[in-house]
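The following account leads the reader through a single molecular structure. Please consult the sequence and the coordinates as the text proceeds.

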Amino acid sequence: MESILINHELGKGEKYEALIPQIQALVEGETDVIANISNIIAAIRETFSFFWVGIYFVKAKGSEEELVLGPFQGPVACTRIRKGKGVCGSSWEQKKTIVVPDVELFPGHIACSSLSKSEIVVPVIVKDNVVAVLDVDSEFVAHFDETDKLYLEKIVKLIAAYL
Ligand code: SME
């Protein structure tokens with residue numbers, strides 16, 4: 001596969017429906033984790049032109065754990081986030097997707113870029129443990145809703161299969 005083909009006249013849910021089988025085709029036959037996650041992230045960004053799409057992995061730091069930046073598309077970002085901090089650290093701690101319509105109203109939001117206005121973070125769960133979080137940022141307020149949550153949670157399951 002050489003490119004993602006999405007009709008830009010489709011609605012958001014339809015775009016995700018068109019994207020998911022293409023993501024499956026993209027990762028089929030490749031077992032390398034970073035290669036597959038990198039392509040999944042690029043495919044999401046290419047489809048929706050989101051401001052920032054990326055993954056943070058839960059990694060050990062001494063006796064503790066923290067989130068460490070992994071493959072992403074978009075402007076440079078913060079590299080390490082502690083549990084419970086920001087939207088990413090909260091999603092990790094609470095083991096659930098967090099939709100933030102206005103980042104300025106989220107207590108403790110970590111502003112990697114002042115251009116980011118809304119955000120969705122989806123935990124990647126393997127054997128009941130959060131092993132990573134998928135973070136998507138938009139430069140528009142209230143850009144994410146239940147449709148993004150539904151489909152990004154499906155996409156994250158494809159990522160979880162490699163972790
Ligand atoms: N805003 C996130 C930090 C990561 S960046 O948006 C890429 C947060 O509050 O966790």
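**Aromatic pairs, cysteines and the ligand**

Tyr-16 and Phe-48 are both buried. The model in which they appear is a predicted one. The two residues come from distant parts of the chain, since Tyr-16 belongs to helix α1 (residues 12–27) and Phe-48 to helix α2 (residues 33–48), with their positions 32 residues apart in the numbering. Their ring centres are 4.4 Å apart and the planes meet at 40 degrees, so the pair is classed as tilted. A pair counts as stacked under 30 degrees and as edge-to-face over 60, with tilted covering the rest.

Phe-48 also pairs with Phe-50, and here the arrangement is stacked: the centres are 5.0 Å apart and the angle between the planes is 15 degrees. Phe-50, like Phe-48, is buried. These three residues belong to one aromatic cluster, which also includes Phe-144 and Tyr-151. In total, the structure holds six aromatic pairs.

The cysteines form a second topic. How many disulfides does the structure hold? There is one, formed by Cys-78 and Cys-112 with a separation of 2.0 Å between the sulfur atoms. The link joins distant parts of the chain: Cys-78 sits in the loop between β2 (64–73) and β3 (80–82), while Cys-112 sits in the loop between β4 (98–100) and β5 (118–126), 34 residues apart. The angle about the S-S bond is -105 degrees, and the link is left-handed. Cys-112 is partly exposed, at a relative accessible area of 35%.

Why does Cys-88 not form a bond with Cys-112? The closest cysteine sulfur to that of Cys-88 is the one in Cys-112, and at 7.6 Å it is too far for a bond, because a disulfide requires the sulfur atoms to lie within 2.5 Å. Cys-88 is buried, with a relative accessible area of 3%.

Cys-88 reappears at the ligand. Of the 13 residues around the ligand, those that come nearest are Val-87, Cys-88, Ile-110, Glu-119 and Asp-137. Val-87 contributes a backbone N or O atom that lies 2.9 Å from an oxygen atom of the ligand. The side chain of Glu-119 places an N or O atom 3.0 Å from a ligand nitrogen atom, and a polar side-chain atom of Asp-137 is 2.8 Å from a ligand oxygen atom. On its own the ligand has 300 Å² of accessible area, of which the protein covers 99%.

Key. Residues numbered from 1 in each chain as written. Predicted model: local features only at pLDDT ≥ 70, side-chain atom pairs only at ≥ 80, totals over all residues. Heavy atoms only, no water. Helix = DSSP H or I, 4+ residues; strand = E, 2+ residues; numbered from the N terminus. Buried < 20%, exposed > 50% of the residue type's maximum accessible area, 1.4 Å probe, protein only. Phe/Tyr/Trp six-rings, centres within 6.5 Å; stacked < 30°, edge-to-face > 60°. Near = heavy atom within 4 Å. Polar contact = N/O pair within 3.5 Å; in protein donor to acceptor, adjacent residues only side chain to side chain. Areas by Shrake-Rupley, 256 points an atom, 1.4 Å probe, with all protein chains shown as cover.
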